[in-house]
Amino acid sequence: MRKVFLLSLCVLVGVLLFSGVLLSKSSDTAEIFSVKGSVKVKLSGASGWINAKVGAALRKGDSVKTGRASLCELSFDPGANNNIVKLDENSTILLSSLDS
C-alpha cells in the first residue's frame, strides 16, 4: 500500500513539474487576439509582410503594423485573454522582448 502511495505521489509531482514547464513557455510568445482592417505581420528574419491572422503566435523579433482605419489587439498571456495591447491605425510595434 505504501509503494502505491509513493508511486502516486511521484507521478503527481512529475505532472505538476511538467505542467509548470509548459506554462512557463507561454511567456515567450504573444498571440494576435483580434484584427480589423489591414494588419500585417513581419516574422523575425523575414523580408516581407504577411496578413495577420487571429490566433497566430508571435515571438521575439516579430513586428506588427496596422494600416489606415485598422486595429489589432495582441495578447501577451495567450489562452487567458489577459494583458491585451491595442494597436490603433497607422501603428507599428516590434516585439523586442517577451520576458515576464
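Glutamate 73 is found in strand 6, and this residue makes a good place to start a tour of the model, which is a predicted one. With a relative accessible area of 15%, glutamate 73 is buried, because buried means under 20% relative accessible area. Leaving aside its neighbours within four places in sequence, glutamate 73 is in contact with Glu31, Ile32, Phe33, Ser34, Ile84, Val85 and Lys86.

**Two side-chain partners of glutamate 73**

Let us take the charged partner to begin with. Which residue meets the side chain of glutamate 73 in a salt bridge? That residue is lysine 86, with an N to O distance of 3.7 Å. The pair links distant parts of the chain, 13 residues apart: glutamate 73 lies in strand 6, and lysine 86 lies in strand 7, which covers residues 82-87. Side chains of opposite charge can pair when their charged atoms come close. The structure holds one salt bridge, so it is worth a look in your viewer. Is lysine 86 buried or exposed? Lysine 86 is exposed, at a relative accessible area of 62%, whereas glutamate 73 counts as buried at 15%.

The other partner is serine 34, whose place is in strand 1. A polar contact of 2.7 Å joins the side chains of serine 34 and glutamate 73. Serine 34 also counts as buried, since its relative accessibility is 18% and the limit for buried is under 20%. Beyond its neighbours within four places in sequence, serine 34 is in contact with Val54, Leu71, Cys72 and Glu73.

Here are three side-chain features side by side, including one that involves a ring.

| Feature | Residues | Distance |
|---|---|---|
| Salt bridge, N to O | glutamate 73 and lysine 86 | 3.7 Å |
| Polar contact | serine 34 and glutamate 73 | 2.7 Å |
| Charge over a ring, to its centre | lysine 65 and tryptophan 49 | 4.5 Å |

In the last row, the charged end of lysine 65 sits over the ring of tryptophan 49. As for rings with rings, the count of aromatic pairs comes to zero.

**How the strands pair**

Now for the backbone. The chain has one helix and eight strands, and from the N terminus on the elements run α-β-β-β-β-β-β-β-β.

Strand 1 spans residues 30-36, and strand 6 spans residues 71-77. Five bridges pair these two strands in the antiparallel sense, and one bridge partnership there is that of lysine 36 with leucine 71. Strand 1 is also joined to strand 4, residues 57-58, by two bridges, and this pair runs antiparallel. On that side, glutamate 31 has alanine 57 as its bridge partner in strand 4.

Elsewhere, four strands form an open sheet with antiparallel pairing, in the order 3-2-5-8. Which strands are at its edges? They are strand 3 (50-51) and strand 8 (92-94), each of which pairs on one side only. Strand 2, residues 39-42, pairs with strand 3 over two bridges in the antiparallel sense, and the bridge partner of valine 41 in strand 3 is isoleucine 50.

**The chain as a whole**

Of the 100 residues of the chain, 22% count as buried; glutamate 73 and serine 34 are among them. How far apart in sequence are the residues that touch? Among contacts between residues at least 6 apart in sequence, 50% join residues at least 24 apart.

Key
Residues are numbered from 1 along each chain as its sequence is written. This is a predicted model: local features need pLDDT of at least 70, side-chain atom pairs count only at pLDDT 80 or more; totals for chains, interfaces and linings use all residues. Side-chain values use heavy atoms; hydrogens and water are left out. Two strands pair if DSSP finds at least two bridges between them. Rings of Phe, Tyr and Trp (its six-membered ring) pair if their centres lie within 6.5 Å; planes under 30 degrees apart count as stacked, over 60 as edge-to-face and the rest as tilted. A charge sits over a ring if NZ of Lys or CZ of Arg is within 6 Å of the ring centre and within 35 degrees of the ring normal. A salt bridge is a side-chain nitrogen of Lys or Arg within 4 Å of a carboxyl oxygen of Asp or Glu. Buried means under 20% relative accessible area, exposed over 50%, partly exposed in between (1.4 Å probe, protein chains only). A polar contact is a pair of N or O atoms within 3.5 Å; within protein, one must be able to donate a hydrogen and the other to accept it, and residues adjacent in sequence count only if both atoms are side-chain atoms. Contact means heavy atoms within 4.5 Å.
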